[in-house]
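Biologist: I'd love to go through this one with you, question by question. Could you put the model up for us?

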Amino acid sequence: MKRLLSLVIYTALAVGANAGPVDTEALEVLREGTMKKLVFASEPKAVSDTPFTDPAGGEHRLSDWKGKYVLVNFWATWCAPCRKEMPQIAELQEEFGGDKFEVVTLATGRNSPAGIKKFFEENGIDNLPRHQDAGSAVAREFGVIALPITVILDPNGDEIARLIGDAEWNSDSAKAIVGALGGGES
């Protein structure tokens, strides 16, 4: 019964997702299990556009993904909960990544490019970016004081939700929320 209710709500939200701003109150009913830690903002909040880098040294900004819902995951190779949830986040990208949704991983602090690459290879992750916030400038501007922290941005590039700590990002609840945001529709 619970699964049927989630499916009905998911379908209604997915249809409405193309109509305009997201109804975060409707999304809140989809939060179950560890996704109950996902807190929706009462109003979208402007975020940092501080640059960060890719493994080749190329510069990126979160504004590069405007037009999509973006799940930004602040993590580190030394963070056990981060390491546990990264394959689950890769699963979200695999299932929902496209024209309307994207996962952006941002290793913050002391993480060597070689260490990040090794971690991704050991866990079979080949669909997520290996971005770095080496000096933690982006993390500081987001108020990240512990890891992992995951932030959801709307297509305008504003923060609409935040989850502090790890979560089961491959759960039915997480997938329903991402699906309702328009994920998977290219």
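Biologist: Let's begin with one side chain: is Glu121 buried or exposed?

Modeller: A word on the source: this is a predicted model, where local features need pLDDT of at least 70, side-chain atom pairs count only at pLDDT 80 or more, and totals for chains, interfaces and linings use all residues. Residues are numbered from 1 along each chain as its sequence is written, and side-chain values use heavy atoms, leaving out hydrogens and water. Buried means under 20% relative accessible area, exposed over 50%, and partly exposed in between, with a 1.4 Å probe and protein chains only. Glu121 has a relative accessible area of 55%, so Glu121 is exposed.

Biologist: Which residue forms a salt bridge with Glu121?

Modeller: A salt bridge here is a side-chain nitrogen of Lys or Arg within 4 Å of a carboxyl oxygen of Asp or Glu. Side chains of opposite charge can pair when their charged atoms come close. The closest N and O atoms are 4.0 Å apart in this pair, and the partner of Glu121 is Lys117.

Biologist: And why are Lys117 and Glu121 separated by about one helical turn?

Modeller: Helices (DSSP runs of H or I, at least four residues) and strands (E, at least two) are numbered from the N terminus. Both residues lie in helix α4, residues 113-122. They are about one helical turn apart because their spacing in that helix is four residues.

Biologist: Which salt bridge partner does Lys175 have in helix α3?

Modeller: The closest N and O atoms of this pair are 2.9 Å apart, and Lys175 bridges to Glu91. The pair links distant parts of the chain, 84 residues apart: Lys175 sits in helix α6 (residues 172-180) and Glu91 in helix α3 (residues 80-96). Lys175 counts as buried at 17% relative accessibility, while its partly exposed partner, at 32%, is Glu91.

Biologist: Which residues are linked with Lys175 in a network of salt bridges?

Modeller: The structure holds eight salt bridges. The network that includes Lys175 also takes in Glu91 and Glu95.

Biologist: How far apart are the closest N and O atoms of Arg61 and Glu59?

Modeller: Arg61 is partly exposed, at 29% relative accessible area. Glu59 counts as exposed at 54%. Their salt bridge has its closest N and O atoms at 3.7 Å.

Biologist: Turning to the interior, how many residues are in the largest nonpolar core?

Modeller: In soluble globular proteins, nonpolar side chains tend to be buried together. A nonpolar core is a set of buried Ala, Val, Leu, Ile, Met, Phe, Trp, Tyr and Cys residues joined through side-chain atoms within 4.5 Å. Among the residues with the most contacts inside the largest one are Leu38, Phe74 and Trp169, and its size is 52 residues.

Biologist: Which residues is Leu38 in contact with, leaving aside neighbours within four places in sequence?

Modeller: Contact means heavy atoms within 4.5 Å. By that criterion, the partners of Leu38 are Arg31, Ile152, Ala161, Arg162, Leu163 and Ile177.

Biologist: Which residues does the disulfide join?

Modeller: A disulfide is a pair of cysteine sulfur atoms within 2.5 Å, and the structure holds one. The link is right-handed, with 75° about the S-S bond, and both of its cysteines are buried. With an S to S distance of 2.3 Å, it joins Cys79 to Cys82.

Biologist: Lastly, how many helices and strands does the protein chain have?

Modeller: From the N terminus, the elements run α-α-β-β-β-β-α-β-α-β-α-β-β-α. That makes six helices and eight strands.
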